[in-house]
Amino acid sequence: MPRSSLRAVLLATLLAVLVTGPAVTGVTPIPDPALAGTLGAGGIDAAGAPDTPPRVGVAAPAGPLPTVAVMPYADLTTPPLPTLTDMADATGRADVVLAFVLAGADGSCAPTWGGTTSLADPAVTARVAGLHARGGTLTVSSGGALGDYLETACPDAASLARAYGTALDAVGTDHLDVDVETDRGREVSVRRVAEALALLQRERGTRVTLTVQVDGVAEGLSADALALVRAATASGLAARVNLMVMNFEYQGAWADAMTGAARTAVGQLEGVWPGSEPTEVRRRTAVTFMLGRNDMDMTTTPADATAVVD
C-alpha cells in the first residue's frame, strides 16, 4: 500500500479503504472437455427439480475469514500519529487496519511499526485502546510499499508465524492483513508466507487477508499475487483476497478502470478455485482503492469510490 500520497475519508490520516464483496463478477471457467464425463449429464432429483452437477477442481479452503466489511487503513509509521478516536467518533466506525508492521531496525525478525517504532509504544497503544473501547475490530497489516519486510527477515515459516503472533497480541486482535508488494524488485518467498499464515491460522484461528497487487484492467492480478494465492490455497489457508485497484495506468474513466481490473482479477480467482461457486469466490474478495491521487497520477474521487462499491 503506497504511503507517498495521503488519502482520506473525512480525515487526511487515512491511507486507503478496504471494502468486501465487490459488485463485480469474473467469468466462470469452462471445465476441461476431458472432465466432462465426471460432471454428469444433469437430470431430475427426487423432488422433481433439476440437479446441479458438482463443481470440479480445487476449492477455496474452509476456515475463519475476516468479519469486517469496510475498514480504512491508518498509517502508524509517519508522524504525527493520526487521532483515530476522532475518526471513530465522527464516522461511527471504529474498525481500522493499522499499517504497517515491518522488520526491526536492525533487519531482525522482530516486528515493529514501520521498522522504527516499538509495538509497545505508548502513543500507539493509547490509540488502540481507544478504538477497542469504541467496539472496533482492528487489523494488523504487515508489509506495504516501503521498508524491510518481516517476510524476508524471518528465516522460516515458524519464526514468521511467531512474529505475526507477537504483532497481533500487541494490538489484541485476530485479524491480520499481509500486503506483499514486489513491484519494486523485492523478492519474497510466497511459500514461506503461506506456510506461516496457515500455521498461525491452525494454532490461533487467525483471520487472514491477502492484499495483492493488480497490474491493470487487462492484466488483473500480478504474477506474484497469483503465486501467493495459489501457495496459500495449497497450504490450506482460508483467506480473503484484497485487490489493490490502484497504481496502474488507464485511459478513460478511472471508475471503469478500477471496476474492470477487479472483474478481471475475480475471474482469475475463479480459475484458481474452480471447485468453488462464483458467489463464494466473490464472498472471499475485497477491493482497496486509494482516495485522491495515486502513485501513477490517477485520481480516485468519492464518486469513483462509490461506483466501485455499488
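**Exercise 1. Follow strand S7 and its partners**

A hairpin of three residues links S7 to S8. Let's begin there, keeping in mind that this model is predicted. Your task: find which strands pair with S7, and in which sense each pair runs, parallel or antiparallel.

*Solution.*

Step 1. Start with the hairpin partner. Strand S8 covers residues 220-221, and two bridges connect S8 with S7 in the antiparallel sense. To see this pairing on your screen, look for Val214, whose bridge partner in S8 is Leu221.

Step 2. Now look for S6, residues 175-179. Five bridges join S6 to S7, and these strands run parallel. A good landmark is Val178, which stands opposite Leu210 in S7. Trace the chain between the two strands: from S6 the path goes through helix H6 (residues 190-204) to S7, and this β-α-β crossover is right-handed.

Step 3. Finish with S9, residues 239-244. S9 and S7 are parallel too, and six bridges hold this pairing. Here Thr211 has Asn242 of S9 as its bridge partner.

Step 4. Put the pieces together: S7 pairs with S6, with S8 and with S9.

**Exercise 2. Covered or open?**

How many of the ten residues of S7 are buried? Then sort Ala123, Asn247 and Asp297 into buried, partly exposed or exposed.

*Solution.*

Step 1. Strand S7 spans residues 207-216, and eight of its ten residues are buried.

Step 2. For the sorting you need the cut-offs: buried is under 20% relative accessible area, exposed is over 50%, and partly exposed lies in between.

Step 3. Ala123 belongs to helix H3 (residues 122-133). Its relative accessible area is 30%, so Ala123 is partly exposed.

Step 4. Asn247 sits in the loop between S9 and helix H8 (254-272). With 23% relative accessibility, Asn247 is therefore partly exposed.

Step 5. Asp297 is in the loop between strand S11 (292-293) and strand S12 (299-300). Asp297 has a relative accessible area of 56%, so this residue is exposed.

**Exercise 3. Spot the special backbone angles**

Which peptide bonds are cis at Pro80 and Phe100, and what is phi near in Asn247 and Asp297?

*Solution.*

Step 1. Go to the loop between strand S2 (70-75) and helix H2 (84-91), where Pro80 is found. The bond from Pro79 to Pro80 is cis, with omega near -5°.

Step 2. Move on to strand S3 (residues 96-102), the place of Phe100. The peptide bond joining Ala99 and Phe100 is cis as well, with omega about -5°.

Step 3. Turn to phi. Asn247 is not a glycine, but its phi is positive, near 60°. Asp297, also a residue other than glycine, has a positive phi near 75°.

**Exercise 4. Explore the nonpolar cores**

How many residues does the largest nonpolar core have, and which of them have the most contacts inside it?

*Solution.*

Step 1. A general idea helps: in soluble globular proteins, nonpolar side chains tend to be buried together.

Step 2. The largest core here has 75 residues, and Leu98, Trp113, Tyr164, Leu197, Leu221, Leu243 and Phe289 have the most contacts inside it. Helix H8 gives the largest share, nine residues.

Step 3. Select Leu98. Leaving aside neighbours within four places in sequence, its contacts include Ala74, Leu84, Trp113, Val128 and Val171.

Step 4. Look also for a second, separate core: it has seven residues, among them Tyr73, Val97, Ala99 and Phe100.

Key. Residues are numbered from 1 along each chain as its sequence is written. This is a predicted model: local features need pLDDT of at least 70, side-chain atom pairs count only at pLDDT 80 or more; totals for chains, interfaces and linings use all residues. Side-chain values use heavy atoms; hydrogens and water are left out. Buried means under 20% relative accessible area, exposed over 50%, partly exposed in between (1.4 Å probe, protein chains only). Helices (H or I, at least four residues) and strands (E, at least two) are DSSP runs, numbered from the N terminus. Two strands pair if DSSP finds at least two bridges between them. A crossover is right-handed if, with the strands pointing away from the viewer, the path from the first strand over the helix to the second runs clockwise. A nonpolar core is a set of buried Ala, Val, Leu, Ile, Met, Phe, Trp, Tyr and Cys residues joined through side-chain atoms within 4.5 Å. Contact means heavy atoms within 4.5 Å.
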